[in-house]
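Reader: Hey, got a minute to go through a structure with me? I'd like to poke at a few spots.
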Amino acid sequence: MNRLVSLVSRARVRWLATPAALLLASTAASAQEVVDRWGPTPPASTYGPRFDSLFSLITTLIGISFLIVLVMLLVPCLRDNAKKGKKAHFDHGTSLHDKRFTAVVSVVVFIVLDAWVLVRAMGDLREAYWNVPAPDTPGIFKVEVLAQQWAWNFRTPGVDGELGTPDDVITINELTVPIGRPVVFNLTSKDVIHSLFLPDMRLKRDANPGAINVAWFEAAKSGDFDILCAELCGYAHYQMHGKLHVLPEADFPAWEKDASALALAAYDANDTEARWAWDWKE
Amino acid sequence: MTARPLLLVTAALALVAPGFATPGDETAAGHDAGNAAEHSEPELPPHSRAPHQVDVTVHDDAWLLVNDYDTFGELAEADPERFEFVEGLLEPKDESGEVIDTYDGYRDKTGRVELRYDPEAEDVAYFERVSAERLTRGHENYIQYCASCHGLEGDGYGRSAQHLRPPPRDFRVGKFKFTKVGVENLPSDQALVDLVKKGLDGTPMYPWALTEGQLLDVIQYIKSLSPPESGWRDVYAVVKGPVDIGEDPWTNDVQGAVARGEIVYHNVGCFNCHPGYVTPARIDEIVTGEGGIAKGSYREDLTLPKIVPNTMYQVQGYKTSILPPDFTWHSIRAGRDRQGNLSALEIARTVGSGIAGSGMPQWKGSMPDKDIWAIGYYVRHLIETYHGKPQARAALMSELRGGN
Ligand SMILES: [Cu+2]
């Protein structure tokens, strides 16, 4: 009996905790601050807002259906429970009426939730995520990514615009790209599966050993952003992160020129084992 | 009840995919005697072998150099559990009249210490027996954390080390770059622990969050890989902690240190390898001709570093080259203190001790400590002002190139 009481009171405390926390949060910080602190970082790529709105759509639809289900569960509980002079009603839900009701709800849920989200998501994939610019598109910025335990090796073309040449800029855990040009990745791995994750760009793509995967984004904001590995890849997975520098149009050419000059200074023509560029995959 | 499907799945996996089975699992390998040759897998090169194919057991104890005889007294005093001071006797004897081995008046209670005298070098060195169990523990941790890069056999060519520059260290050579103990010396355990805990910036050699005990075990194992003639098995070798450059003489005058550092940096000709960071005209003013380089004969383009070819750091038999860092562009490897802040002391120590095998000389002894400190401040200043700041760097470079 005592235990029951304590259980009940603990449950009540928990029920109270959420609104109390919300109240505290709302007095301590404005809604914008809460979003800034706990929400996702604002999208920094051209297609980022598409995926954010898909995310909001899914959250809203699920939120609404959660509320509907909650109400539908609560109403019979309150309406049909045992009262003085009234026995609780118990029903298997096998009547024709109930079956029809279930079928209609299923169809509605499928059309409103699944079909809607599927159509939107397929559109986003086709028009954005899978819409990788062809390799001969003028102005694209190609990047070869070689993942390893536990680092990202990046290769960008340098001033000559060609990959696999001595002036290629090769970096570890750091990638510098221009704003406003599509950045196209070819990714692979030396050892185990890794996953290139640029949260601010809303881009995530696996890097698999023995296969070349393709991905792309176009930065809409300049600044420094995170590069993460999103696939548990061994002990130091948690350290496998880097920085993405998006440079404004005005700064990029000068940066690229210096980077290429230093790459040439570091180039050792006889060190064949250090080569790792591959034929570009579309 | 749920156990049965699981078992079935496991059995099926073992049958179709021998790769899933543990080594030595006869049923999974599934070959009969007649077909053994056909079925046996080809011998893989070490860098493509899987870690579970390695036997981690080390069978033999190793005698490893701990320190020079000079510092033995300090060591012994610090470890009373192990060493007992036998006072007042020239040749102490035990109850049965046997002479007890003492070193500097200390008796080793554990039997794990050995002093070796080398008549030619007129040197005595202090060796310690590291047990096979400890080496096995070290090997286990090594395979788990380090082998993907440093290789299953410690040869610096693990699966993830392919095409990687700088290459991970080959532990069978017994040479180290950033332990700051001087180019001729071997690093002490503590110097290695510090290095592995801090990692090397700009490379995949990260700060390793292993316990001190794990690290010490791994380090004993790494030491045991060194060759007899140049590593921790050699009486001639000298084990040292980080180079001593004294107290910071510039604590109250950081700007003075940076200004002095600029002069020393350019006067001794660091720009023979690294870039110069003042205009050629200013270099001509600074160079006295006594700092190590001749007045007037400088490299052509001082805004670019000059590659050092044929270093001792080999990959598959090829001697790799190293580009000296441009401090305004590249990240330096070992410039941070334990708190992670860029530190003039750490940079000064690197400069004082040199970087073995990279051509970067040891400057301690060829200039006063005060100047080494000044260089530490100057390099830190360069990094803080220009590294990762494209606009500031572009302005400096255009000044150095005379406006181009
Ligand atoms: Cu990873």
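Reader: Which side chain of opposite charge is nearest to A:Asp268, and how far away is it?
Author: Keep in mind that this is a predicted model. The nearest one is A:Arg275, at 6.1 Å. A:Asp268 is buried and has no salt bridge; the cut-off for a salt bridge is 4 Å, so that pair doesn't count as one.
Reader: OK, what does the side chain of A:Asp268 reach, then?
Author: The backbone nitrogen of A:Asn270, at 3.0 Å.
Reader: And where does A:Asp268 lie in chain A?
Author: In the segment that follows helix H5, which covers 252–266.
Reader: What is A:Asp268 in contact with, leaving aside neighbours within four places in sequence?
Author: A:Arg275 from its own chain, plus B:Tyr318 and B:Ser321 from chain B.
Reader: Switching topic: which residues make the nonpolar surface patch of about 660 Å²?
Author: That one is built from A:Val104, A:Val107, A:Val108, A:Phe110, A:Ile111, A:Val112 and A:Trp116.
Reader: Where is A:Val107 placed, by the way?
Author: In helix H4 of chain A, residues 96–129.
Reader: Why is A:Val107 called partly exposed?
Author: Because its relative accessible area is 46%, and partly exposed runs from 20% to 50%.
Reader: Now chain B. How many helices and strands are there?
Author: Chain B has 12 helices and 10 strands. Its 404 residues are 45% buried.
Reader: How much area does chain B expose?
Author: About 21,100 Å², with carbon and sulfur atoms supplying 52% of that.

How values were computed: Residues are numbered from 1 along each chain as its sequence is written. Chains are lettered from A and ligands numbered from 1 in the order in which they are written. This is a predicted model: local features need pLDDT of at least 70, side-chain atom pairs count only at pLDDT 80 or more; totals for chains, interfaces and linings use all residues. Side-chain values use heavy atoms; hydrogens and water are left out. Helices (H or I, at least four residues) and strands (E, at least two) are DSSP runs, numbered from the N terminus. Buried means under 20% relative accessible area, exposed over 50%, partly exposed in between (1.4 Å probe, protein chains only). Lys and Arg count as positive and Asp and Glu as negative; His and the chain ends are not counted. A polar contact is a pair of N or O atoms within 3.5 Å; within protein, one must be able to donate a hydrogen and the other to accept it, and residues adjacent in sequence count only if both atoms are side-chain atoms. Contact means heavy atoms within 4.5 Å. Patches are made of residues with over 30% relative accessible area and no salt bridge: like charges are joined within 9 Å, nonpolar side chains (Val, Leu, Ile, Met, Phe, Trp, Tyr) within 5 Å. Accessible areas come from the Shrake-Rupley method with a 1.4 Å probe; for residues, only the protein chains shown count as cover.
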